[in-house]
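Biologist: Could you take me through one part of this structure slowly, as you would for someone in their first year? I would like to see how a single strand fits into its surroundings, and then how those surroundings fit into the whole.

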Number of protein chains: 2
Amino acid sequence: MRSDRLGETLLPKRLALPVFASDALSSVAYAPDEIFLTLGLAGGALALTHSWEIALVVVLVMAVVIMSYRQNVRAYPSGGGDYEVASVNLGPKAGLGVASALLVDYVLTVAVSVSAGVQNAAAAFGFVRGHEAIVAVGIIAALTAMNLRGVRESGTAFAVPTYLFMVTVLGMALIGVYRKLTGTLPAAESAGLELLPEPGYEAVTGIALGFLFLRAFSSGCAALTGVEAISNGVPAFRKPKGHNAATTLLLMGTISVTMLLSMVALATWTGIKYADDPAVQLARDGVPVGEDYVQDTVMGQVAKSVFSEFHVGVVLVSIVTGLILVLAANTAFNGFPVLGSILARDGFLPRQLHTRGDRLAFSNGIVILAGAAAFLVIVYDAKVTSLIQLYIVGVFVSFTLSQIGMVRHWTRHLRLERDPVARTRMLRSRVINGIGAAMSGTVLLVVLATKFIHGAGFAIAAMAVLFVVMMRIRRHYDHVRDELAVSEGDTKHQLLPSRVHAIVLVAKIHKPTLRALAYARATRPSILEALTVDVDPDETKALQAEWDRRDIPVPLKALDSPFREITRPVVDYVKSIRSGNPRDLVVVYIPQYVVGHWWEQVLHNQSALRLRTRLLFTPGVMVSSVPWQLASSEGMEERMDGPVAGDVRRGEG
Amino acid sequence: MRSDRLGETLLPKRLALPVFASDALSSVAYAPDEIFLTLGLAGGALALTHSWEIALVVVLVMAVVIMSYRQNVRAYPSGGGDYEVASVNLGPKAGLGVASALLVDYVLTVAVSVSAGVQNAAAAFGFVRGHEAIVAVGIIAALTAMNLRGVRESGTAFAVPTYLFMVTVLGMALIGVYRKLTGTLPAAESAGLELLPEPGYEAVTGIALGFLFLRAFSSGCAALTGVEAISNGVPAFRKPKGHNAATTLLLMGTISVTMLLSMVALATWTGIKYADDPAVQLARDGVPVGEDYVQDTVMGQVAKSVFSEFHVGVVLVSIVTGLILVLAANTAFNGFPVLGSILARDGFLPRQLHTRGDRLAFSNGIVILAGAAAFLVIVYDAKVTSLIQLYIVGVFVSFTLSQIGMVRHWTRHLRLERDPVARTRMLRSRVINGIGAAMSGTVLLVVLATKFIHGAGFAIAAMAVLFVVMMRIRRHYDHVRDELAVSEGDTKHQLLPSRVHAIVLVAKIHKPTLRALAYARATRPSILEALTVDVDPDETKALQAEWDRRDIPVPLKALDSPFREITRPVVDYVKSIRSGNPRDLVVVYIPQYVVGHWWEQVLHNQSALRLRTRLLFTPGVMVSSVPWQLASSEGMEERMDGPVAGDVRRGEG
């Protein structure tokens with residue numbers, strides 16, 4: 001795919017929506033659950049009477065954030081997202097803070113989405129129950145394998161499950177509302193149970209009650225994760241990019257809000273009882289239901305009520321929900337290495353992560369992401385409720401810094417802008433971003449206050465570690481840059497060595513050695529000699545004899561090696577040449593086998609590799625590897641190239 | 001240490017004995033225990049009446065094996081040991097079988113010796129009890145660290161603890177015999193207990209009883225491990241090497257036999273009750289002693305009786321026993337990489353293991369050995385009795401094959417020998433080795449029959465896996481050798497390339513780039529150009545401007561890279577040169593940073609390294625690394641050299 005053909009692969013809005021919205025939309029599969037079970041800690045009545053109020057506040061925040069981001073995508077269409085907005089307007093440290101937060105949240109997106117998908121699958125496929133963590137790790141492993149192989153994404157691959165999910169969930173909502181209006185909506189199975197308060201929550205009032213509401217709200221804000229995805233993907237949109245991205249964002253927000261509100265409404269109408277600890281909290285006729293009780297997700301219970309006589313509908317909901325959650329997890333597999341690449345460009349991560357087509361670097365990112373997510377899934381036993389406590393912090397750190405950055409952006413531009421129409425537009429944008437900043441900041445404080453001890457503290461600690469490490473990497477690069485800089489007019493580094501002393505390393509006479517000799521001779525050095533290390537006197541004598549017999553026109557010198565070492569005698573010899581003629585350049589030619597399997601690499605080249613490493617420490621020495629391609633290496637070149645995860649969302653599909 | 005000074009470091013017998021005997025002598029710390037507890041399965045009476053008979057048979061086998069090995073060290077003074085004897089006389093597969101067996105047994109030497117040391121330490125230091133496995137793993141880790149650092153061994157370091165152990169144990173034996181003769185030897189603490197049979201062993205008679213005797217015997221044969229150590233160490237002896245080694249072997253055997261017999265005698269006289277499962281089997285007045293009972297080792301109990309009024313003696317025995325056991329484990333840390341080096345020489349292991357001064361290769365061997373031993377210690381919870389079941393098989397496979405090999409050796413030499421005196425000597429040696437072979441073979445069968453299901457089967461399986469892997473490695477090397485061979489008179493591989501096209505890779509103008517340009521110009525290529533990959537148009541433009549301003553006398557070419565790749569554009573360009581001029585040689589000069597810390601390696605050179613790897617797959621291309629030593633790399637050279645484990649026993653101390 002060449003850059004001149006790039007235009008053809010840009011995404012129309014109908015494909016951009018599913019590519020970027022799966023993360024945001026999928027949260028409807030777990031956000032309502034968190035609202036219900038948090039309120040349910042104080043008993044069933046509270047959850048059924050107040051969940052919809054919490055949901056309304058979440059929807060309000062979501063609306064504000066989406067309006068704010070519509071300003072972002074118009075002002076920063078380069079795809080740098082929150083990192084760019086914060087870096088440009090608030091300085092590199094703020095940008096790095098956003099980046100640390102986002103890296104941590106990518107890990108949590110994978111962990112939460114996959115865990116939710118597994119819990120959801122358990123509603124339809126009973127055998128998953130009791131093995132959630134291992135199934136989740138299996139799914140992460142499958143996603144990792146898929147992304148490592150570099151499956152080329154296509155807009156269609158996203159479109160089918162995402163639209164199916166939208167149609168299914170919105171369809172279910174419509175049918176549910178119709179049945180509610182006609183009075184035919186059955187109660188949920190769990191409606192007949194009592195939801196008892198958790199011990200310690202029996203009589204929550206006053207400040208404690210307020211705090212419980214805030215906790216429910218901050219868990220419900222999980223519905224907002226993924227909103228920022230579009231701001232990183234603007235370059236993949238067709239022109240006018242900013243405008244199309246903003247429209248898509250609005251569309252996504254509308255669908256998200258509709259889904260969330262209908263799910264909470266249906267759950268309330270069907271009288272769902274959803275408990276944090278169902279075995280103890282749920283009771284039938286005063287007797288706890290016990291460990292055998294199986295609590296389906298809110299969406300699963302709603303589906304069973306709405307599709308009461310139509311079991312296929314329930315299974316369909318379960319399947320499309322599972323699909324969209326896996327798709328949501330997959331977005332992190334694409335986003336994580338892309339963000340890594342941007343951070344590498346700015347010197348905060350190893351530089352090689354910046355260049356693309358660099359499968360290895362992308363692979364490292366994918367493996368690190370998957371490892372961290374699998375670790376969390378195992379530690380928290382794939383429990384969404386526990387993982388949610390670590391989630392969201394990162395998103396709101398990033399929302400807040402980005403919106404503050406946008407306010408600065410407009411203020412800066414307003415200083416220069418004289419056109420009254422443009423000024424009005426900017427002032428309006430600044431107000432919107434200002435409200436966004438205030439609201440995200442407030443939510444961030446609420447999240448920190450209500451979740452810090454429950455897990456958000458870990459997330460903050462992880463961000464801090466990343467922040468410090470990335471700062472140090474940047475400092476190291478700056479330090480090396482200064483060390484290597486050549487001042488203007490300094491020409492001493494352009495001085496040529498006076499003579500070239502070439503040495504060809506010989507162990508045996510075979511094709512690689514002869515090629516190395518031929519190549520060395522072709523460079524016409526001032527002095528050329530072949531060098532062997534006398535590890536075994538008999539072998540050395542035989543080599544010398546064959547050398548003479550074959551009439552090889554280069555003198556062969558044997559170095560003593562009393563301890564069967566190879567590296568040290570060669571290094572000592574090279575140093576002795578250098579110390580006699582410090583202005584000479586010594587070129588050491590080392591034959592090297594090119595192999596096709598990793599285990600062959602273990603069996604060959606190790607001594608050569610070590611010698612090469614060792615020689616590089618000696619100034620005035622250059623090491624030339626003369627490759628010999630073994631038969632097993634054929635076809636390896638093709639296997640080394642291929643597509644890279646995240647191509648579609650970078651507009652490089 | 002130079003080879004001409006090597007003679008000074010050779011070992012006199014008084015130092016060779018401790019260097020090579022610690023493994024063999026240390027087994028007196030656990031072999032008697034195994035005899036007692038195996039017989040004790042059928043009750044206390046059997047153990048006290050028949051242990052000494054079993055010990056006598058073990059001593060007989062040991063005497064025969066030592067007599068046999070005295071022939072080995074005279075006939076094969078090169079230090080190849082059983083592997084060499086079997087390879088030369090029975091073919092490479094037999095040799096490889098011996099090697100597989102020895103590798104497995106090195107692992108078990110570490111596991112058994114350290115576990116025995118920990119159990120012994122528990123007698124003096126109660127806090128170790130209950131944490132044996134973790135303490136054992138800690139000791140293995142400490143040994144690993146010591147050997148990785150390459151602590152230079154000295155004969156004295158071995159001599160002090162080994163002689164101390166001999167003096168202490170033989171002294172204890174003398175005092176014990178004196179007290180027995182004078183009637184002042186007190187009974188052991190456990191003498192007053194009943195030793196009940198294990199369930200299932202209440203009335204063992206006939207064949208079952210015979211089988212129990214055979215099991216006790218085969219466990220007792222643990223006393224023979226380490227006998228072969230001297231045959232691997234003959235080069236470290238002073239001249240006449242073979243003679244001195246044979247004398248040392250005899251000395252070691254005598255001391256071993258004396259220690260073993262006195263320990264069994266003292267244990268019998270003091271009436272020790274030693275149980276496999278003390279909590280159940282040991283009873284006081286008919287009541288089992290239960291889990292709280294602490295069973296000391298046989299040596300610990302004997303020491304408490306012999307030194308009844310002198311507690312310092314008991315602690316001394318415990319300490320010197322612990323020391324010699326750790327020393328015995330350490331011998332495996334030296335022997336394992338040495339055997340690996342010999343196998344590598346013969347193409348059965350990666351070739352780089354052969355060359356010495358190759359710390360990395362030795363380090364790999366040490367880490368693999370330690371990992372495997374730690375694994376066994378954890379799996380078997382540092383229980384010597386369980387580990388012993390896997391041990392010994394390897395030693396006797398190796399004894400048997402080696403002795404059969406020696407019989408063949410003498411038969412072959414007898415065919416050529418005409419001197420009657422020499423013939424008589426050879427015939428006598430052949431008889432000795434023949435008896436040795438017959439007896440080791442019998443013991444091997446007994447060990448297999450009595451222990452296969454208890455664990456020896458695992459050891460055999462491990463040997464089989466090693467055998468197959470090493471055969472495959474050898475086959476691969478043979479295959480590559482054939483692929484690379486140049487037939488006599490074939491000169492086409494000596495043809496020179498017609499022209500040299502040099503390319504210097506440039507990312508920025510800094511000192512490493514200027515050095516690479518200077519070096520490339522010094523080799524006077526037919527064509528020379530600098531190449532940069534246009535990942536970022538602005539940067540490329542700035543580079544070009546600075547290039548012109550600095551008046552660098554080499555043309556700079558920029559390659560397009562629509563996807564921010566580096567490798568592919570360069571490879572494509574190099575291929576295009578090659579396809580136009582297939583007889584040209586393309587030399588690519590890549591500046592490379594030489595760094596001082598592993599993490600710097602992660603931050604630098606990765607793109608260069610990948611490009612280098614990728615270019616090597618292209619025929620007709622040579623890659624030259626032009627090093628630039630960063631300030632952090634200073635002092636690294638010294639850190640890369642140092643002594644290697646096992647120097648003393650190879651005569652290279």
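Modeller: Happy to! Let us begin with one pairing: S4(B) runs parallel to S7(B), and five bridges join the two strands. To find this pairing on your screen, look for B:His501, whose bridge partner in S7(B) is B:Val586. Please keep in mind that this is a predicted model.

S4(B) has a second neighbour, S5(B), and this pairing is also parallel, over five bridges. Here you can look for B:Leu505, which has B:Leu531 as its bridge partner in S5(B). As general background, strands of a sheet pair through backbone hydrogen bonds, either parallel or antiparallel.

Now, how enclosed is this strand? Six of the six residues of S4(B) are buried, so the strand is largely enclosed by the rest of the structure. In a regular strand the side chains alternate between the two faces of the sheet. You can follow that pattern here: B:Val500, B:Ala502 and B:Val504 point one way, while B:His501, B:Ile503 and B:Leu505 point the other way, and all are buried.

Just past the strand, the setting changes. B:Lys508 sits in the loop between strand S4 (500-505) and H18 of chain B. B:Lys508 counts as partly exposed because it has 16 C-beta neighbours inside 10 Å. Leaving aside residues up to four places away in sequence, B:Lys508 touches B:Thr513 and B:Leu543. For a sense of scale, take B:Ala382: it is 126 residues from B:Lys508 in sequence, and the two C-alpha atoms are 59 Å apart in space.

Next, let us step outwards to the sheet. S4(B) belongs to an open sheet of ten strands with mixed pairing, in the order S6(A)-S5(A)-S4(A)-S7(A)-S8(A)-S8(B)-S7(B)-S4(B)-S5(B)-S6(B). Its edge strands are strand S6 (556-560) of chain A and strand S6 (556-560) of chain B, each of which pairs on one side only. From one strand to the next, the twist averages 30 degrees. On the chain B side, strand S5 (residues 527-534) runs parallel to S6(B), joined by five bridges. B:Ala530 has B:Leu556 as its bridge partner in S6(B). A helix packs on this sheet too: H22(B) touches S7 and S8 of chain B, and its direction makes about 155 degrees with that of S7(B).

Where do the two chains join in this sheet? Strand S8 (residues 621-629) of chain A and S8(B) pair in the antiparallel sense over three bridges. There you will find A:Ser625 standing opposite B:Val623 in S8(B).

This brings us to the relation between the copies. Chain B can be superposed on chain A by a rotation of 180 degrees with 0.1 Å of shift along the axis, giving an RMSD of 0.3 Å. The two copies are thus related as by a two-fold rotation axis. Among the residues of chain B, B:Ser624 comes closest to that axis, with its C-alpha at 2.0 Å.

The contact between the chains takes 68 residues from chain B and 67 residues from chain A. On the chain B side, H18(B) gives the most, with eight residues; this is the helix that follows the loop holding B:Lys508. By class, that side has 36 nonpolar, 17 polar and 15 charged residues. Of the interface residues of chain B, 99% are also interface residues in chain A, so the copies meet through the same surface.

Finally, here is some wider context from chain A. This chain has 23 helices and eight strands, and its C-alpha trace spans about 105 × 65 × 50 Å along its principal axes. The domain assignment gives domain 1 (3-478) and domain 2 (496-639), with 57 Å between their centres, taken over C-alpha atoms. Chain A also holds an open antiparallel sheet of three strands, in the order S1-S2-S3. Of the 653 residues in chain A, 52% are buried.

So you can now trace a path outwards: from S4(B) with its buried residues, through the ten-strand sheet, to the antiparallel pairing of S8(A) with S8(B).

Terms used: Residues are numbered from 1 along each chain as its sequence is written. Chains are lettered from A and ligands numbered from 1 in the order in which they are written. This is a predicted model: local features need pLDDT of at least 70, side-chain atom pairs count only at pLDDT 80 or more; totals for chains, interfaces and linings use all residues. Copies are superposed by least squares on the C-alpha atoms of residues with pLDDT of at least 70 in both. Two residues are in contact if their C-beta atoms, placed from the backbone, lie within 7 Å. Helices (H or I, at least four residues) and strands (E, at least two) are DSSP runs, numbered from the N terminus. Ala, Val, Leu, Ile, Met, Phe, Trp, Tyr, Cys and Pro count as nonpolar, Asp, Glu, Lys and Arg as charged, and the others, Gly among them, as polar. Two strands pair if DSSP finds at least two bridges between them. Domain bounds come from an automatic or database domain assignment. Axes are lines fitted to C-alpha atoms, for helices over the stretch in contact, and angles run from 0 to 180 degrees between N-to-C directions. A residue is buried if 20 or more other C-beta atoms lie within 10 Å of its own, exposed if 12 or fewer, and partly exposed in between; C-beta atoms are placed from the backbone.
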